Amino acid sequence: MKTFSVILVFCFALSCMGFTKKISSNEKLDFIEIQNHKRTYIVHYPKKWDGSPIALLVALHGRFGSGSSMIKQTKFDVLSDTKGFIVVFPDGFKRSWADGRGNTPADENQINDVVFIESIVKRLIAEGSVNSKEVFLVGHSNGGFMAQRLAVEKPELWKGVVSVAAQLSVSTLKKKLNLKTKPVSIGIIAGTGDPLVPYSGGYVRDGGEILSVEDSINRWKEWNSCSDVVTKKYENYNEDNSEIKIDFFRYESCSENTQVGLIQLNGLGHSWPGETPMIPFINQGKTTKVIDGSKLVWDFMEEL
């Protein structure tokens, strides 16, 4: 009976995560056939778009999520209308990404998500809607680890990559050490109180060893040939009679005009900043309503 109850709660949670979405007039649901799988994604075009090539943001959901849930979670569609960029929300294989750590359904089935994401980007560039020099990538959790993998394996695609609640995994590190690739601008947004993806590194519950946030930043500094000159900024917010502090660190003197940045969310946990956790029965640490994670991501991208 207990197992049945857990399944019911889990199914209810999934139903609330927005796996289905009514497609609006400025959106399209599309797909690509890869490895005999129909891989779907939602494209959101800004409402006041004139049809000329503009910036693109690819947004990768976390484990158990979907493109629809990522829209609900981040509201990047609303930001897209305000800022004037296209955003695409791909669906992972069985609600997961093959980020290389080995334990997700996508990894276990040897799904080639690198080719899937690259194919979406190249298709949108080919249709004439996207400026190839203004392509950005963001991912949360499992999607964040996938974003780090894509930054390592396909850096030429991206002007900037941000991972939220995810840093470098040991598997991606090993892959990078065997590749000679160009620099790419990288940002990491991480809560110091994340109980699922430890800020200090180690092992993640869903599998795989990861580097600490500090070590991940240092690796990207090394790969991008950054100097040690860092720009620092701090912001404080009051919420429920307590203070939330954000530390910004940005290394701007790197090769090929790339940058490496860290947005450190002191005391916060694993969920997307500003949003209620999508899976309420998993402890994701301290949440907040006063920080807009999507704005943090796009602010980082706009400064590149």
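## Worked exercises on a predicted model

A disulfide links Cys 226 and Cys 254, with an S to S distance of 2.0 Å. The model is a predicted one, and the exercises below start from this link.

**Exercise 1.** Establish how many disulfides the structure holds, and explain which parts the pair Cys 226 and Cys 254 ties together.

*Solution.* Begin with the cut-off, which asks for cysteine sulfur atoms within 2.5 Å; the S to S distance of 2.0 Å between Cys 226 and Cys 254 satisfies it, and the count by this rule comes to 1 disulfide. Next, place the two residues: Cys 226 sits in the loop between helix H8 (213-223) and strand E10 (231-239), while Cys 254 sits in the loop between strand E11 (242-251) and strand E12 (260-265), so the pair ties together parts that are 28 residues apart in sequence. Then consider the geometry, in which the angle about the S-S bond is 105° and the link is right-handed. Finally, turn to accessibility, where buried means under 20% relative accessible area: Cys 226, at 14%, is buried, and Cys 254, at 12%, counts as buried too.

**Exercise 2.** Describe the largest nonpolar core, and find the contacts that Val 58 makes.

*Solution.* The largest nonpolar core has 48 residues, of which Leu 56, Val 58, Ile 117, Trp 158 and Trp 220 touch the most other members. Helix H5 (residues 113-126) supplies the largest share of this core, 6 residues. Leaving aside residues up to four places away in sequence, Val 58 touches Val 88, Pro 90, Ile 117, Val 121, Phe 136, Leu 137, Val 138 and Trp 158. Another core, of 30 residues, lies apart from the largest one and includes Leu 57, Ala 59, Val 87 and Val 164. As background, nonpolar side chains in soluble globular proteins tend to be buried together.

**Exercise 3.** Characterise the largest pocket and the largest cavity by volume and by lining.

*Solution.* Take the pocket to begin with: its volume is about 450 Å³, and of its 27 lining residues the closest to the centre are Arg 63, Phe 64, Ser 141, Leu 196 and Ile 279. The elements giving two or more residues to this lining are helix H2 (67-74) and helix H6 (142-153), and by class the lining has 10 nonpolar, 13 polar and 4 charged residues. For the cavity, a search of the whole structure finds 1 of 30 Å³ or more, and the largest cavity has a volume of about 50 Å³. The residues lining the largest cavity include Leu 265, Trp 272, Pro 273 and Lys 286, and this lining divides into 4 nonpolar, 5 polar and 1 charged.

**Exercise 4.** Locate Gly 261, and decide whether this residue is buried or exposed.

*Solution.* Gly 261 belongs to strand E12, and with a relative accessible area of 4% this residue is buried. Not counting residues up to four places away in sequence, Gly 261 touches Ile 186, Gly 187, Ile 188, Ile 217, Phe 249, Arg 250 and Phe 300.

**Exercise 5.** Examine the phi values of Ala 165 and Ser 225, and state where each residue is found.

*Solution.* Most residues other than glycine have a negative phi. Against that background, phi of Ala 165 is near 55°, a positive value; Ala 165 is found in the loop between strand E6 (160-164) and helix H7 (170-177), and at 5% relative accessibility counts as buried. Phi of Ser 225 is likewise positive, near 55°, and Ser 225 is found in the loop between H8 and E10.

Methods:
Residues numbered from 1 in each chain as written. Predicted model: local features only at pLDDT ≥ 70, side-chain atom pairs only at ≥ 80, totals over all residues. Heavy atoms only, no water. Helix = DSSP H or I, 4+ residues; strand = E, 2+ residues; numbered from the N terminus. Buried < 20%, exposed > 50% of the residue type's maximum accessible area, 1.4 Å probe, protein only. Core = buried A, V, L, I, M, F, W, Y, C linked by side-chain atoms within 4.5 Å. Contact = heavy atoms within 4.5 Å. 1 Å grid on protein atoms, 1.4 Å probe; cavity = no way out; pocket = protein on both sides within 12 Å on 5 of 7 lines; lining within 4 Å. Points joined across faces, edges and corners; volume = space filled by probe spheres on them. Nonpolar A, V, L, I, M, F, W, Y, C, P; charged D, E, K, R; others polar.
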